[in-house]
Each structure stands twice: as C-alpha cells, then as structure tokens.
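Work through the exercises below with the sequence and the model side by side. Each task is followed by a solution in steps.

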Amino acid sequence: MPERGAWPLHPPAHTGPPDGWRRLGPGLYSLVRYGSWSGHDATIGEAALSTPATARAYGTEPARPVAARARGLTKAYGSGETTVLALDSVDVDIMRGAFTAVMGPSGSGKSTLMHCLAGLDTVSAGQVWLGDTEITGLRDRELTRLRRDRIGFMFQSFNLLPTLTAAENITLPMDIAGRTPDGAWVDRVIDTLGLRDRLGHRPAQLSGGQQQRVACARALASRPELIFTDEPTGNLDSRAGAEVLAFLREAVDSLEQTVVMVTHDPGAAGHADLVLFLGDGRIVDRMERPTAEAVLERMRLFSGARPSPGGAPDDVLRKS
Ligand SMILES: Nc1ncnc2c1ncn2[C@@H]1O[C@H](COP(=O)(O)OP(=O)(O)O)[C@@H](O)[C@H]1O
Ligand SMILES: [Mg+2]
C-alpha cells in the first residue's frame, strides 16, 4: 500500500506507472483519466501512447492536478432579514488522487459546499469548476449529464434498490444512462471492496456495512473524476464505519480515485489526506496528514477560541 498522508505536497508513492498512466507493455504507457493537466484541456484519452519520460519532456506532466475548484463561492438561503449565508466566499482546490475531508460543526456549511461543488445546488455568487469545466455556467441538462458521467455520489442512506441484487445496484446508474460498464474496472472495484461473494444478494440480505460497500462500489463503478460522500459512516456502528473508511482509503490508494468526504466525526476525518475545516461558511483551517486526535484538538481550539457568535476569529484560526 502506498505511504499515505504525504499528499498534496508529494504525490502518493507508486509501484506502477505514475498517476493517470496505464502500463500497456514494456515502456509503453497510455495516458488515461486526466481531463485536465496543468490548467489546459487535454482530451488526449486513450489515443496518446507515450512514456512518462516523454510526457515530462513535453511538459504534460501534471504539476498540481486539481479535480475541482471554487473561487468566491457564496451561497445564501432566503432573503432579507432571514438570509442565511451558508457559504461566504469560499476558495478551495480539491486535489486529484487525494482523500479530502470537509469537517466542521453542524450548520457550518459542509453539505452546502459539497452540493455546490457537485453541481447539485445553484450558487449565489462565485465560480465552480470540475476539471476545466466551469459548472456554474452550465444549463440544467448539461449539469445533469456532467453529474451522471463525471461524478460519483455515496449517500448516508445508501439509496440501494431493494428488488435489485448487489451487482445490479452497482451498475444501475450506468444501465439507466445506457452506458456499457467497463467490466475489468467494475471487477477491480468489486474485488477491492470484497464484494465478490455478495453480488447475488439483495440489500436486505446484507449488513449495513456491506450495503454501504455496495453504495461505494456503485459510486466508483463509472470511474468518475470525483466521488462525493456526505457523512458516509453516519448510519453505521463503529466497526462498519471503520470498514467503509478503509474502503474509501483503498479507493484512493489502490484505485487512484479522488474522494471528498463531508463529516463531523474527527475519527472519520483522520482517514483523509487533507482536512478542510469549515466554520460559519468559511474555510478557517486545513490540516495535512491528519490523525483523529489532531483533528479533535483543532476542533476544540475552534469552539474555545470563538469570542463571539459573529464568526470565527480568522487571525487566530487561519494559519497561512
Ligand atoms: N435549503 C435550505 N434552506 C435554508 N437554509 C438552509 C438550507 N440548507 C442549509 N441551510 C442553512 O445553511 C447553513 C449550512 O447548512 P449545511 O450546509 O447543511 O451545514 P452542515 O452540513 O455543515 O451541517 C445552516 O445554517 C443551515 O441551516
Ligand atoms: Mg450536513
């Protein structure tokens, strides 16, 4: 397993080809998965055959690959006296191939941030990009297609269909979209999540942890650019919760996926590469290589250091 926690300062260690490269044969690699390299649109796809060294020589190596990005992201609910500013001019970069946790107390804007980054909700001001696509400029139909084709979701309530088997639930979104699943990829997901011997079971025949694993596999099955999950361990006992976090970790470490997880649980956030702390609709801090203890400590600092209900004391909380 690659060493964890060094991202985004250093990309994760690899035994195989670098991130985004698939080894086709000796010295032969195919550039896959990256829609965006170093800020310009590279629709190179499977067609480009090269070695990583060649890519480096031609400057196509990703310097700071960003899966999603927001600038000045503001979301207000209601109007007039009753306006709630859920997000207050948030700037954020979500790094590709990393496990990012969005942490903060209830009502701090975590879910709103996720919904705006995933194109599930409109913004009041600011811009959001998925790769190089500005989603704040898209019409409803384009947004629906983008969510379907490029984003994976894993919800707390699993949202599995009771009449379908685990296997059918996993490929359901693609079946609805009329897309042919990449069999080899889906097999890899199923084996990584340890679901091989559960494929014929219906949700009622599975434990909570197994159901969440199926939901995780479903989010991964279309090989999305970004996976969003809101409180994935919220409905699970601690053992099943720990399992799900381990699978999300696997999705990043072994399957090179990008995961953004909303949570209020320091234990869950401790599994991530990077924790973003939200307070009153603003990102008030960040922590690389978190541990549950360090996250908990930071949360204590926030609640203790807040002098007034007016907002977080930025000069105390912001480290840079
Ligand atoms: N649909 C909505 N209508 C009005 N207010 C909302 C709505 N959704 C969220 N809010 C408010 O926005 C703030 C942030 O909410 P939310 O993003 O759900 O926080 P979190 O996920 O961190 O608990 C809260 O004050 C919440 O009450
Ligand atoms: Mg929430």
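**Exercise 1. A helix and its cover**

Task: Determine which residues of helix 4 are buried, and what covers them.

Solution. Step 1: the buried residues of helix 4 are A166, N169 and I170. Here a residue is buried if 20 or more other C-beta atoms lie within 10 Å of its own, exposed if 12 or fewer, and partly exposed in between, with C-beta atoms placed from the backbone. Helices (H or I, at least four residues) and strands (E, at least two) are DSSP runs, numbered from the N terminus.

Step 2: viewed along the axis of helix 4, the buried residues fall within an arc of 115 degrees, so they line one face of the helix. The arc is that of the directions from the helix axis to the C-beta atoms. In general, an α-helix has 3.6 residues a turn, so residues three or four places apart point the same way.

Step 3: the cover over these buried residues includes helix 5 (183-192) and helix 6 (208-221). Contact means that the C-beta atoms of two residues, placed from the backbone, lie within 7 Å.

Step 4: after helix 4 comes G178, with a positive phi near 70 degrees.

The model is predicted; local features need pLDDT of at least 70, side-chain atom pairs count only at pLDDT 80 or more, and totals for chains, interfaces and linings use all residues. Residues are numbered from 1 along each chain as its sequence is written, while chains are lettered from A and ligands numbered from 1 in the order in which they are written.

**Exercise 2. One residue of helix 5**

Task: Is I190 buried or exposed, and which residues does I190 touch?

Solution. Step 1: I190 belongs to helix 5. Step 2: I190 has 22 C-beta neighbours inside 10 Å and therefore counts as buried. Step 3: leaving out residues up to four places away in sequence, I190 touches L195, R196, L199 and A217. Step 4: V214 is 24 residues from I190 along the chain, and their C-alpha atoms are separated by 8.5 Å.

**Exercise 3. The sheet of six strands**

Task: Give the strand order of the sheet that contains strand 13, and describe the surroundings of strand 13.

Solution. Step 1: 6 strands form an open sheet with mixed pairing, in the order 11-12-13-8-14-15. Two strands pair if DSSP finds at least two bridges between them.

Step 2: the edges are strand 11 and strand 15 (282-288), each with a single partner strand, so one side of each has no neighbour in the sheet. On average, neighbouring strands of this sheet are turned by 20 degrees against each other, direction ignored.

Step 3: strand 11 pairs with strand 12 in the parallel sense over 4 bridges, and I151 stands opposite L226 in strand 12. Strand 12 pairs with strand 13, also parallel, over 4 bridges; T229 stands opposite M261. Strand 8 and strand 13 run parallel and are joined by 5 bridges, with T263 as the bridge partner of M103.

Step 4: 5 of the 5 residues of strand 13 are buried, so the strand is largely enclosed by the rest of the structure. V259, M261 and T263 point one way, V260 and V262 the other.

Step 5: helix 2 lies across strand 8 (99-103), strand 12, strand 13 (259-263) and strand 14 (274-279), and runs at about 155 degrees to strand 13. Axes are lines fitted to C-alpha atoms, for helices over the stretch in contact, and angles run from 0 to 180 degrees between N-to-C directions.

**Exercise 4. The shell around ligand 1**

Task: Which element gives the largest share of the shell around ligand 1?

Solution. Step 1: the residues surrounding ligand 1 include Y77, V84, A86, K110, S111 and T112; a residue counts as near if its C-beta atom, placed from the backbone, lies within 6 Å of the molecule. Step 2: strand 7 (84-95) and helix 2 (110-117) each give two or more residues to the shell. Step 3: helix 2 has the largest share, 3 residues.

**Exercise 5. Positive phi outside glycine**

Task: Where do S89 and E231 lie?

Solution. Step 1: S89 is in strand 7, and its phi is positive, near 55 degrees. Step 2: E231 is in the loop between strand 12 (226-230) and helix 7 (238-253), with a positive phi of about 50 degrees. Step 3: as background, most residues other than glycine have a negative phi.
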